[in-house]
Amino acid sequence: MVRTRFAPSPTGYLHIGGLRTALYAYLFAKKHNGKFILRIEDTDQTREVDGAVDIIISALNKAGINYDEGPIVGGDHGPYVQSERKDIYLKYAAQLIKSGDAYYCFCSKDRLAEIHEKGATKYDKHCLHLSETEIQDRIARGEPYVIRQNIPETGTHTYHDEVFGDVTVDYKDLEDNILIKSDGMPTYNFANVIDDHLMGITHCIRGVEYLMSTPKYNLLYDALGWERPVYIHLQPIMRDSQHKLSKRDGDAGFEDFLKKGFLPHAIVNYIALLGWNPKNNCEKMSMAELINSFSIDGLQKSSSIFDETKMRWLNSLYIKELSAEEFHNAAQPYYAEYYPDKNIDYKYLSELLQSRCEVLADIKERAAFLDAFDNFDLELFVNKKWKTDRAMAKSLIDDCIKATESADLGAALETLAVDRGLKKGQVLWIYRIALTGAAATPGGGEEMVKLFGKNEALRRLKAVKDRLK
RNA sequence: GCCACUAUAGUCUAGAGGUUAGGACGUUGGCCUCUCACGCCGAAGACCCGGGUUCGAUUCCCGGUGGUGGUGCCA
């Protein structure tokens, strides 16, 4: 049974890159009828953020990525929060010490700084050969210590990665990294191995930053007599060719995009395509379709740059697909914030806006005409293409009012054009400007009347008539 | 510095030892149209550089360069 996991640190938000890693792990598991596990890696107590776990869970929920085991829902391999598993790591660390694959280290940070100053690029195994009695003495005296992994000094290690192929690393480039910190907590380097094994993870899907240290993890699996997982490393999502998408830029959080008016699935759909291709030229895919076509051989070996413009396009596809009702509901917060209490038919406004918004936040700009009428610039009546001007507007305004009072506005405006020997476009341009005071509106004159209602439309036309005197 | 990974238009990508190097976003021309959008039809735009292998390389190999990552009591 395939089991994958997403193991974020609780930093206070769900990064888009993290979301994609989670998505791939989820898609892969579901594609193979397996389980997807959520594990919280909170071993760095100094970076603890309150409520961070809830934020991650809620974001995954909105994204439609449902985990089978993890915090809150539980499972047979818990606890799923590393800080609650402290004793487990200590037990295996002791076992590694016994087998010689790890050792106590009492070196102070000062000493470490010192050897690095002298040109050392890694720890010098200074504490590797301490005698058993000395070790016990120093521990008894309460001296702080860490537990380090004992990496071979020579030789190379080759392992297979599903996207990068065979990866070879020279042991001399690897350090005897710390497994257990002086506060008794494990480092990622240790905890990920213990937990992945204990939680039955079969496929380890994570960022490339671990590509080179994976041999160290394999050494641990081997020392403990455990089977190694299949590795699938992922290149990062970039902001541009030299920077990763980062929280600093304010555009790396899943929730940030939700606030910008992106639909959750549009985001998921878009990032699925960043670094992976379904080989069928199909870009708009539901979660079920993503699961169905997901395959690791479509995974990219190079990093990709996040293109919000393209995500907007994809989002617009999903917005158009919403029912009128759904769009109207989604638009409410924007109406409430920017255009509350207007004397218009909001439901109809939603109909007009739906095909004109790529993201929900476009509502603000698209509906800006609602605030344009009072004291609008009368020069708007001048239109080069239609050869209209203020004088023409003045001569037509009375008939525009009459037309609005008639039962059939469309027919009345058409008749008006014929009677005056004008093109329909000329009359309609003037009519729409007189009605809205805006160069661009999400619909024509007749639609605007429907939006405002006959009374408000007449009020506006009469106001314009006064100004044209 | 050392080590690892990587390289097709502005961006996401497809691709095979011989192709008119395919698709999408964006850009752009046009159509539609009472404005703005939608929609439809076109256009421009790419194989990082240098060697090698080969009849032939953008594709395979080596080197370089660029980019990223690792080199933490972060993950």
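A polar contact is a pair of N or O atoms within 3.5 Å; within protein, one atom must be able to donate a hydrogen and the other to accept it, and residues adjacent in sequence count only if both atoms are side-chain atoms. The model is predicted: local features need pLDDT of at least 70, side-chain atom pairs count only at pLDDT 80 or more, and totals for chains, interfaces and linings use all residues. Residues are numbered from 1 along each chain as its sequence is written.

**Exercise 1.** Determine which base atom of RNA strand B lies 2.8 Å from a backbone N or O atom of Gly443.

*Solution.* Step 1: the partner of this Gly443 backbone atom is a base oxygen of RNA strand B. Step 2: phosphate oxygens of RNA strand B are also approached, one being 2.9 Å from a polar backbone atom of Gln242 and one 2.9 Å from a polar backbone atom of Ile305.

**Exercise 2.** Describe the atoms of RNA strand B within 4 Å of the protein, and the residues around the strand.

*Solution.* Step 1: sugar or phosphate supplies 72% of these atoms, and bases supply the rest. Step 2: 59 residues surround RNA strand B (each with a heavy atom within 4 Å of it). Step 3: Gly275, Asn277, Glu283, Arg356 and Gly443 come nearest among them.

**Exercise 3.** State how many residues of helix H7 (residues 214-224) are buried.

*Solution.* Step 1: a helix is a DSSP run of H or I with at least four residues, and buried means under 20% relative accessible area (1.4 Å probe, protein chains only). Step 2: 9 of the 11 residues of H7 are buried, including Tyr217 and Leu220. Step 3: Gly225 follows H7 and has a positive phi, near 75°.

Definitions and conventions: Chains lettered and ligands numbered in written order. Heavy atoms only, no water. Buried < 20%, exposed > 50% of the residue type's maximum accessible area, 1.4 Å probe, protein only. Helix = DSSP H or I, 4+ residues; strand = E, 2+ residues; numbered from the N terminus.
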